[in-house]
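Work through the exercises below with the sequence and the 3D structure open. Each one gives a task and then a solution in steps.

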Amino acid sequence: MLYTSTRGNQEMVSAARAITRGLADDGGLYVPQQLPVLSLDEIMAIGKKNYTARAAEILGKFLSDFSADELGECVKKAYTKAKFGDEPAPLKHIDHATSVLELWHGPTSAFKDMALQLLPHLLIKSLEKTGENHKVVILAATSGDTGKAALEGFANVEGTEIIVFYPEHGVSDIQKLQMSTQQGNNVKVFGIQGNFDDAQRGVKDIFGNVAMAEKLEEEGYIFSSANSINWGRLVPQIVYYFSAYVDAVRAKRIKAGEKINFAVPTGNFGNILAGYYAKMMGLPVERFICASNSNNVLTEFLSEGQYDRRREFFKTISPSMDILVSSNLERLLYHVCGKDAQAVASYMQTLKEKGCYKIRRQELLKVRDDFFGAWVDEYETKETIARVFSELRYVMDTHTAVAWRALEKYRIVSVDGTYSVELSTASPYKFADSVLGALGEKFDANDPFALLHRLKEISGIKIPEQLAALEKSPQLHDEVISVEEMEMAVLKNLI
Ligand SMILES: *Cc1c(COP(=O)(O)O)cnc(C)c1O
């Protein structure tokens, strides 16, 4: 299977090359030329397998230049029991019409581990295939969870260097601690003066800087991205939509073939887009509920077809969704435009020049067939955490709560009672201060570890080992730089 750019410079590449490159030369994102389709029988057959085997099967449909043995090896290295426990993506049944897919049982307690524990192995294999004997430099801008998950995935992986930039005031105390204590002989972490979009723009500028790329190539380096625009990040995420579906059937929540909804806390549009791919591959899905916080640019887009980034940026208690430009939306545009890469390129150009674009009516109708957007403010987020805990004894983090509330809003306006799976993207421990605040607890905000212990008393859930260990880990990275200094920081670190 070959991949092409959403902006269509006609370049066609193998999966391996799409993964090593991250971004296409014309600035577009790589998309598969055609999609594999699974019959219902094929879908149900994966229910008999464990998660690693499910992953190998779905990955094999897309990464046709990898052998089954190679993929088997990659998934076994990624989803180990030591890192993910017995079940990497358990489906918890919460009420009669709702289950929660917990995607945070990996080493950094957030869903990004699902992809980022696998990506380094796919990348190393991809480099073997493309014959590039360069060292890969992973640059990542993060609103918190990606950074740590990427660091944890790439740390000490031979043939790679990783540099992570996070908005200095845009991540939680725990997230900051997780990154500043990262060990590894190939890792570097910088705080950025600015928000996530500033950091992301800085990284995009570096990727687009041809002179810099040439200079680094002379030194034996090539850039790649661990951000969710990389196809190697997206494809592992398709797996758990299939996995959740077959688990729901096995638990007799639905009959095989019945359509279900997925509610997804959304930022860069990567997670939910993976679900859309699963649907296009034959998974029976009625609708995706795209949940946003006060940064509700996607809600407006999904209802009106207008994407307008010219708006106030809010720092919320669900910071991994604090985003004005959702990069992966470009892939959705490509599909709803009927693969008209020229149209996509022109929307993206307009976004760059004017800060907004509007899709055509027939495209919007297509989008609305599959997606419903809803946004949830700070008060509602906290109220939801408190209410769901008091009524159902389920503690969720702020991002998950946004999706829970968005699903409730969808049910009210649509009168759609379809069984729904809500994707839970972070452990409540990762945002313990906000969760405790929502539960009405008083605490010392300056002691993140006291928070963890208090949350344990209330919830009875075990503190994730890696979070507990932060208490004794030394600080290794404390540099804060401006966006303009990012290029220099990369060069200095590598040459
Ligand atoms: C990254 C992240 C999201 C947003 O996922 P996207 O793929 O960027 O839409 C939501 N919740 C948490 C906890 C995250 O880390």
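**Exercise 1. Count the salt bridges in the whole structure, then examine single pairs.**

Step 1. A search of the whole structure gives 27 salt bridges; a salt bridge is a side-chain nitrogen of Lys or Arg within 4 Å of a carboxyl oxygen of Asp or Glu. The model is a predicted one, in which local features need pLDDT of at least 70 and side-chain atom pairs count only at pLDDT 80 or more, while totals for chains, interfaces and linings use all residues. Residues are numbered from 1 along each chain as its sequence is written, and side-chain values use heavy atoms, with hydrogens and water left out.

Step 2. Take Asp86 and Lys81: their closest N and O atoms are 3.0 Å apart, and they form a salt bridge. Both Asp86 and Lys81 are exposed (buried means under 20% relative accessible area, exposed over 50%, partly exposed in between, with a 1.4 Å probe and protein chains only).

Step 3. Now take Arg405 and Glu380, a salt bridge with 3.6 Å between the closest N and O atoms. This pair links distant parts of the chain, 25 residues apart: Arg405 lies in helix H19 (residues 398-414) and Glu380 in helix H18 (residues 378-392). Helices (H or I, at least four residues) and strands (E, at least two) are DSSP runs, numbered from the N terminus. Both Arg405 and Glu380 are buried.

Step 4. Which residues are linked with Arg405 and Glu380 in a network of salt bridges? The network is made up of Glu380, Glu383, Arg387, Arg405, Glu408 and Lys409.

**Exercise 2. Decide whether Lys462 and Glu465 are buried or exposed.**

Step 1. The side chains of Lys462 and Glu465 meet in a salt bridge, at 3.6 Å from N to O.

Step 2. Lys462 has a relative accessible area of 58%, so Lys462 is exposed. Glu465 has a relative accessible area of 63%, so Glu465 is exposed as well.

Step 3. Lys462 and Glu465 also belong to the lining of the second largest pocket, where Trp104, His105, Lys462, Pro464 and Glu465 lie nearest the centre among 30 lining residues. On a 1 Å grid over the protein atoms alone, a pocket is an open set of points with protein on both sides within 12 Å along at least five of seven lines, a cavity is a set of points where a 1.4 Å probe fits but cannot get out, and lining residues have an atom within 4 Å of a point.

Step 4. About 680 Å³ of space lies in this second largest pocket; grid points are joined across faces, edges and corners, and a volume is the space filled by probe spheres set on the points. Helix H5 (81-84) gives the most to the lining, with four residues.

**Exercise 3. Describe the largest pocket and its lining.**

Step 1. The largest pocket has a volume of about 1,300 Å³. Its lining has 41 residues, and Leu23, Gly27, Lys204, Phe207 and Gly208 are the closest to its centre.

Step 2. Which helix gives the most to this lining? H10 does, with eight residues.

Step 3. By class, the lining has 18 nonpolar, eight polar and 15 charged residues. Here Ala, Val, Leu, Ile, Met, Phe, Trp, Tyr, Cys and Pro count as nonpolar, Asp, Glu, Lys and Arg as charged, and the others, Gly among them, as polar.

**Exercise 4. Find the cavities of 30 Å³ or more.**

Step 1. There are two such cavities in the structure. The largest holds about 270 Å³ of space, and the second largest has a volume of about 70 Å³.

Step 2. Of the 24 residues lining the largest cavity, Phe111, Lys112, Gly267, Asn268 and Ser320 lie nearest its centre. This lining divides into eight nonpolar, 13 polar and three charged residues.

Step 3. Asn268 also lines the second largest cavity, as do Lys204 and Phe207, among others. Helix H10 (residues 196-208) supplies the largest share of that lining, four residues.

**Exercise 5. State where Ala341 is placed and what is in contact with it.**

Step 1. Ala341 is in helix H16 (residues 341-354). With a relative accessible area of 11%, Ala341 is buried.

Step 2. Leaving aside neighbours within four places in sequence, Ala341 is in contact (heavy atoms within 4.5 Å) with Ser5, Thr6, Arg7, Gly8 and Tyr334.

Step 3. Ala341 and Thr6 are 335 residues apart in sequence, yet 5.4 Å apart in space, C-alpha to C-alpha.
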